[in-house]
Amino acid sequence: MFTELRLRNFKSFKDAVLPLGPFTVIVGENASGKSNVRDAFRFLMGMARGHTVAETFGRGFTGGELTWGGIRGGLHGACHNGAEEFGVGVDFGSRPAAVEAAYDLDARVPRDLRRPTVAFEQLRNLTSGARYMLRLPPQSDDLADELRHSDFVLTDDGVTFVDPAVEVAVGGSLLPVYGHPRQDRSDDKIPHLRELATRSLVALRGLRCLDADPGAARDPAEPGVPELGELGEGLAAVLRTISEDDGNLGRALASWVAALAPTECQRLLFPIDPNGKVNLQLVESGGRVVNAPSASDGTIRLLVYLAAMFGPRQGKTYIIEELENGIHPTRLHLLVELIERSVEDGDTQVIASTHSPDLLQMLSENSIQHAVLAYRLDGQPDTRLKRIMDIDDADRLIPKYGPADLHSQGWFETTMEFLENAEPGVEQAG
Ligand SMILES: Nc1ncnc2c1ncn2[C@@H]1O[C@H](COP(=O)(O)OP(=O)(O)OP(=O)(O)O)[C@@H](O)[C@H]1O
Ligand SMILES: [Mg+2]
């Protein structure tokens, strides 16, 4: 589970930290920077797949097929206000050993956008304090100082300074670090690094942006699709696999389906079409069978979230935009409950943005503690982040008035404006 996202000079963020819980709901006005958080996670996802910085921001094609959607705004929009570098970092706790770790990556993006590079990459074991620099900071004038703080240092050409006996090949991401350390060394720093790198990769590769698109989710799916695509592609196949689970999973899915969509979807059917693809059919409460292409958008969205929460788990972190989209408040309530139950085991994590006061009101006591406000002050356009419960007086006012009313009246933003920028447009001293 990720416990913190750090953003420096990334898009609308100048220097911000997003604290993360099992279920983190992000609220904030239009253009406050909520989707830029998603883009930062996408950056980490792309790098963890072994893409270069340029490949991560651009669209990727393999054999003519789109295999990576890139990042909104491309490389051109990556750095905050004309800066030429940005940094993204995460803290995470990883099971089973519950090691707390941190991964940071700085990228340099020259103004002409040519040859963006990874300028600095670092892994830290926060439990032991070990720090592994995978790349040196650019123009590191005082290399010796860096070395003093590092267990060992790897450079582009694989030379190690601290312990000249260790050689490790390093590429543009964690991937090569994990893949190539020489196995024949007795130095125990290598296994430690390798283990840490493996854990980081597992966490980063568990990131999933889920942007449910009913159109894409309705399509017949290849049988055996292991998990949903970013738009919900493969829905029929994933739901079928879960339904056929002879443990509790199939039954649990069935009862959630019936609860979330009581009239339009009592049961699911998965006929195979002549092309061998899995189709999705919904059985209404009156017994009428509806093909997925005729099912409502909201129902398909709910099924996508069910498939995500019940599908292959193991360390998945879902980033969901505007969770409430197209969903009636009575169902949204159940969706929130589904997510809160799914994250209980600590293996699944959900980070979702919303504009819905209702959704905020539906959060459990635990989830509301993790809800975060993204805001921008008048005259200081960078995005700031703050847990709504940490806003002055919120612990008194939220129980009294409810988060929904405070949210719809803009109280969170107004209060932050008042506290941090009492005189609009004038920077506070200090
Ligand atoms: N490189 C950049 N430097 C500074 N600001 C940027 C940069 N890239 C994007 N922004 C700003 O980020 C804002 C958009 O942020 P984002 O899309 O995350 O908003 P949002 O909170 O998701 O809004 P909505 O609720 O409307 O979806 C815009 O105001 C845009 O100008
Ligand atoms: Mg947005």
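How many of the 430 residues of the protein count as buried? The share is 41%. A residue is buried if 20 or more other C-beta atoms lie within 10 Å of its own, exposed if 12 or fewer, and partly exposed in between, with C-beta atoms placed from the backbone.

This is a predicted model, in which local features need pLDDT of at least 70 and side-chain atom pairs count only at pLDDT 80 or more, while totals for chains, interfaces and linings use all residues. Residues are numbered from 1 along each chain as its sequence is written, and chains are lettered from A and ligands numbered from 1 in the order in which they are written.

**View 1. The whole protein.** The protein has 15 helices and 18 strands. Helices (H or I, at least four residues) and strands (E, at least two) are DSSP runs, numbered from the N terminus. Take the contacts between residues at least 6 apart in sequence: 56% of them join residues at least 24 apart. Two residues are in contact if their C-beta atoms, placed from the backbone, lie within 7 Å.

**View 2. The shell around ligand 1.** Ligand 1 is surrounded by 16 residues. The closest are Ser12, Asn30, Lys34, Ser35 and Asn36. A residue belongs here if its C-beta atom, placed from the backbone, lies within 6 Å of the molecule. The shell has three nonpolar, 11 polar and two charged residues. Ala, Val, Leu, Ile, Met, Phe, Trp, Tyr, Cys and Pro count as nonpolar, Asp, Glu, Lys and Arg as charged, and the others, Gly among them, as polar. Helix 1 (residues 34-48) gives the most to this shell, with three residues.

**View 3. Helix 1.** Of the 15 residues of helix 1, 14 are buried. Its end C-alpha atoms are 22 Å apart, which agrees with the 21 Å expected at 1.5 Å a residue. The expected span is 1.5 Å times one less than the number of residues. Just after helix 1, Gly50 takes a positive phi of about 95°.

**View 4. Helix 8 against helix 10.** Helix 8 (residues 248-260) and helix 10 (residues 329-342) pack at an angle of about 155°, with axes 9 Å apart. Helix 8 is therefore roughly antiparallel to helix 10; the term covers angles over 145 degrees. Axes are lines fitted to C-alpha atoms, for helices over the stretch in contact, and angles run from 0 to 180 degrees between N-to-C directions. Helix 8 brings Trp256, Ala259 and Leu260 to the contact, and helix 10 brings Arg331, Leu334, Leu335 and Leu338. By class, the contact has six nonpolar, no polar and one charged residues.

**View 5. Helix 9.** Helix 9 is mostly covered, with 12 of its 14 residues buried. Among them are Arg301, Tyr305 and Phe310. The end C-alpha atoms of helix 9 (residues 297-310) are 20 Å apart, in agreement with the expected 20 Å.

**View 6. His370 and its contacts.** His370 lies in helix 12 (residues 365-370). It counts as partly exposed because it has 19 C-beta neighbours inside 10 Å. Leaving aside neighbours within four places in sequence, His370 is in contact with Gly21, Phe23, Thr24 and Arg387. From His370 to Arg387 is 17 residues in sequence and 6.3 Å in space, C-alpha to C-alpha.

**View 7. Asn9 and Glu322.** Asn9 has a positive phi of about 55° although it is not a glycine. Asn9 lies in strand 1 (residues 2-10). Glu322 also has a positive phi, near 45°. Its place is in the loop between strand 15 (316-320) and helix 10.

Key. Parallel < 35°, antiparallel > 145°, perpendicular 65-115°, else oblique.
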